[in-house]
Amino acid sequence: MGSFTISHNFTESKELSYKVTPFKSTIEEIRHLGTDFATFMKKEMDQENGELVDAIIQEIINQQRNHNLILDHCEDTLTAMANNYTNYVNDRRTQDATLYYTYNAFDES
């Protein structure tokens, strides 16, 4: 008994990373708003002086740094998820088919 296996592609391979663009745009908007807020607060605090003001300014800087680290992590996670989604979709576009056959000799006599 013989067999023949072929892989059939239902569709072309697709790049689906563009689907993450709206989310990344939102993250960038949040990052921009956070930067604007921190800049505004630092300008307001620059007019004052003292240990408490210095501590507040340092906390603003620390919070902005942490905020940006979280947003970077979100962007990396979204990129990884988009890549996983692309791989998942592309893996499902192919179907293997195996044909089994028996060779029967044909005798013309």
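**Figure 1. Two helices and two strands make up the chain.** The model is predicted. Along the sequence, the elements run β-α-α-β. Strand S1 spans 2-9 and strand S2 spans 94-101. Helix H2 covers residues 51-91.

**Figure 2. The whole chain, with its overall dimensions.** The chain has 109 residues and a radius of gyration of 30 Å. A compact globule with that number of residues would come out near 13 Å. Along the principal axes, the C-alpha atoms occupy a box of roughly 110 × 20 × 10 Å. Contacts with a separation of 6 or more are counted here, and 86% of them join residues 24 or more positions apart.

**Figure 3. Surface and burial across the chain.** The accessible surface totals about 9,000 Å². Carbon and sulfur atoms contribute 55% of that area. Buried residues make up 17% of the 109 in the chain.

**Figure 4. Phe4, Ile6, Leu99 and Tyr101 form a nonpolar surface patch.** The patch measures about 420 Å². Strands S1 and S2 both contribute, with at least two residues from each. Tyr101 belongs to strand S2. Its relative accessible area is 43%, so Tyr101 counts as partly exposed. A patch residue needs over 30% relative accessible area, and Tyr101 has 43%.

**Figure 5. Close-up of Glu75 in helix H2.** Glu75 is a buried residue. The relative accessible area of Glu75 is 17%, and the cut-off for burial is under 20%; Glu75 therefore counts as buried. Leaving aside residues up to four places away in sequence, Glu75 touches Lys24, Ile27, Glu28 and Arg31.

**Figure 6. Close-up of Gln63, also in helix H2.** Gln63 has a relative accessible area of 43% and is therefore partly exposed. The partly exposed class lies between the 20% and 50% limits. Glu28, one of the residues touched by Glu75, serves as a reference point for this view. Gln63 and Glu28 are 35 residues apart along the chain. Their C-alpha atoms are separated by 17 Å.

Note on methods:
Residues are numbered from 1 along each chain as its sequence is written. This is a predicted model: local features need pLDDT of at least 70, side-chain atom pairs count only at pLDDT 80 or more; totals for chains, interfaces and linings use all residues. Side-chain values use heavy atoms; hydrogens and water are left out. Patches are made of residues with over 30% relative accessible area and no salt bridge: like charges are joined within 9 Å, nonpolar side chains (Val, Leu, Ile, Met, Phe, Trp, Tyr) within 5 Å. Accessible areas come from the Shrake-Rupley method with a 1.4 Å probe; for residues, only the protein chains shown count as cover. A salt bridge is a side-chain nitrogen of Lys or Arg within 4 Å of a carboxyl oxygen of Asp or Glu. Helices (H or I, at least four residues) and strands (E, at least two) are DSSP runs, numbered from the N terminus. Buried means under 20% relative accessible area, exposed over 50%, partly exposed in between (1.4 Å probe, protein chains only). Contact means heavy atoms within 4.5 Å. The radius of gyration is taken over C-alpha atoms; the globule rule is 2.2 Å times the number of residues to the power 0.38.
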